[in-house]
Amino acid sequence: IVPKGFQQPEQADLTKLSSQALVELLESDNGWTRDTAQRLLYERQDTSIASDLKQLATGSTKPITRATALWSLQALGSLDSSLLKGLQDKEFQVRKQSLKIAEQYADAKAIQQQMISLAADPSLEVQYQAAFSLGAFESSARNAALADLLKRHAANQWIRMAVQSSLDQGAGEVFEFLIKNNKSLKEKQIQQFLVA
């Protein structure tokens with residue numbers, strides 16, 4: 001449905017733009033423009049614009065641009081400490097997206113520590129993503145964080161499901177953490193989780 005006399009504006013042919021110009025379009029407020037620019041950057045695999053993407057990932061004023069730049073760096077195989085900054089970003093959306101990316105880099109201790117800390121993030125959405133993403137590696141600290149998530153959110157079926165999905169390894173230790181806490185054992189949902 002369009003108003004009378006509406007004429008579709010001509011779409012720019014983004015394929016003719018330089019990689020540098022495409023990076024600049026990641027700042028666009030138009031989702032189609034931003035997504036198309038990101039797709040074209042991926043298709044080109046032009047690593048010469050990695051430093052520009054890193055600048056956007058840490059310096060853009062727009063959370064969507066910071067997250068898109070991080071995903072673009074990951075797709076180019078050019079991600080570095082920008083990911084750690086993304087995991088510490090002031091906006092929860094960027095932290096959440098950074099957690100998803102971090103799963104592929106979870107063999108690095110610094111990344112693991114930051115992922116574990118996000119299990120106690122102020123944003124429930126970030127905590128929920130952390131419950132999934134912590135399944136990317138195994139450690140006692142990770143298991144403690146998953147147990148803590150369960151204690152804090154025993155009534156939240158989605159958090160329980162996310163934690164369960166991360167327990168391919170470490171379920172026994174999470175079980176131990178939970179049974180040592182008398183308060184959590186009184187929670188009906190924790191009891192159900194332990195016998196499931």
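In the predicted model, helix α3 meets helix α4 through A50, L53, K54, L56 and A57 on the α3 side and T65, R66, A69, L70, S72 and L73 on the α4 side. The residues of this contact divide into seven nonpolar, two polar and two charged. Two packed helices are described by the angle between their axes and the distance between the axes. For α3 (residues 50-59) and α4, the angle is about 145° and the axes lie 8 Å apart. The crossing of α3 with α4 is left-handed.

Helix α4 (63-75) also takes part in the packing around helix α6, together with α5 (82-87), α7 and α8; these are the elements against which the buried residues of α6 pack. Helix α6 spans residues 92-102, and its buried residues are V94, R95, S98, L99, I101 and A102. Viewed down the axis of α6, these residues fall within an arc of 160°, so they line one face of the helix. An α-helix has 3.6 residues a turn, so residues three or four places apart point the same way.

Two residues of α6, F92 and R95, are in contact with S123, when the neighbours of S123 within four places in sequence are left aside. S123 belongs to the loop that runs between α7 (109-117) and α8 (124-133). Despite this loop position, S123 is buried, because its relative accessible area is 13% and the cut-off for a buried residue is under 20%. A polar atom of the S123 side chain lies 3.2 Å from the backbone nitrogen of E125.

A further loop, between α2 (31-44) and α3, contains Q45. Most residues other than glycine have a negative phi. Q45 is not a glycine, yet its phi is positive, at about 50°. The relative accessibility of Q45 is 38%, and Q45 therefore counts as partly exposed.

Another glutamine, Q20, is located in helix α1 (residues 19-25). Q20 is likewise partly exposed, with a relative accessible area of 31%. Apart from neighbours within four places in sequence, the contacts of Q20 are with I49 and D52. D52 falls within the residue range of α3, 50-59. The C-alpha atom of Q20 is separated by 41 Å from that of A145, a residue 125 places away along the chain.

Methods: Residues numbered from 1 in each chain as written. Predicted model: local features only at pLDDT ≥ 70, side-chain atom pairs only at ≥ 80, totals over all residues. Heavy atoms only, no water. Buried < 20%, exposed > 50% of the residue type's maximum accessible area, 1.4 Å probe, protein only. Polar contact = N/O pair within 3.5 Å; in protein donor to acceptor, adjacent residues only side chain to side chain. Contact = heavy atoms within 4.5 Å. Arc of directions from axis to C-beta. Axes fitted to C-alpha atoms, helices over the stretch in contact; angles between N-to-C directions. Left-handed = near helix turned anticlockwise from the far one by under 90°. Nonpolar A, V, L, I, M, F, W, Y, C, P; charged D, E, K, R; others polar.
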